[in-house]
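This briefing addresses a predicted model. Please consult the sequence and the structure shown below while reading the points that follow.

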Amino acid sequence: MMGTADVDRFSYRFRRPFEDGGHVDACVELSGSRWLYVSTSTALAGIRRLVAGVLANMDSAFGRL
């Protein structure tokens, strides 16, 4: 199972807030991943959870990456 250290290996990109105040964070290596939330800290936490879930799914489907 992938751990926090695996999630830390990825690059994350923060985008400026939208007019409604939402923030977008994305994982550079997983181009389809985006997380929209109301603050930068919760956006980063959300994208990291999303990446951890993707890695766990890949790990269970293909074995240790």
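**Strand pairing and burial in the predicted model**

Alanine 26 has arginine 34 as its bridge partner in E3. Helix H2, which spans residues 40-62, packs on the sheet and touches E1, E2 and E3. The direction of H2 makes about 150 degrees with that of E3. The points below treat the sheet, its strand E2 and one residue of helix H1 in turn.

**The sheet**

- The sheet is open and consists of 3 strands in the order E1-E2-E3, with antiparallel pairing.
- E1 and E3 stand at the edges and have a single partner strand each, so one side of each lacks a neighbour in the sheet.
- From one strand to the next, the twist averages 20 degrees.

**Pairing of E2 with E1**

- E1 comprises residues 12-15 and pairs with E2 in the antiparallel sense over 4 bridges.
- Within this pairing, arginine 13 stands opposite alanine 26 of E2.

**Pairing of E2 with E3**

- E3 comprises residues 34-37, runs antiparallel to E2 and is joined to E2 by 4 bridges.
- Aspartate 25 stands opposite tryptophan 35 in E3, while alanine 26 is partnered with arginine 34.
- The two strands E2 and E3 form a hairpin, with 6 residues between them.

**Burial of E2**

- How many residues of strand E2 (residues 23-27) are buried? The count is 5 of the 5, so E2 is largely enclosed by the rest of the structure.
- Both faces of E2 are covered: on one side His23, Asp25 and Cys27 are buried, and on the other side Val24 and Ala26 are buried.
- Asp25 is thus listed among the buried residues of E2, and aspartate 25 is also the residue opposite tryptophan 35.
- Ala26 is likewise buried; alanine 26 stands opposite arginine 13 and has arginine 34 as its bridge partner in E3.

**Valine 7 in helix H1**

- Valine 7 lies in helix H1, which covers residues 4-8.
- Is valine 7 buried or exposed? Its relative accessibility is 4%, so valine 7 counts as buried; the cut-off for this class is under 20% relative accessible area.
- Leaving aside residues up to four places away in sequence, valine 7 touches Tyr12, Arg48, Ala52 and Leu55.
- Valine 7 and valine 51 are 44 residues apart along the chain, and their C-alpha atoms are separated by 6.7 Å.

Key:
Residues numbered from 1 in each chain as written. Predicted model: local features only at pLDDT ≥ 70, side-chain atom pairs only at ≥ 80, totals over all residues. Heavy atoms only, no water. Buried < 20%, exposed > 50% of the residue type's maximum accessible area, 1.4 Å probe, protein only. Pairing = 2+ DSSP bridges. Axes fitted to C-alpha atoms, helices over the stretch in contact; angles between N-to-C directions. Contact = heavy atoms within 4.5 Å.
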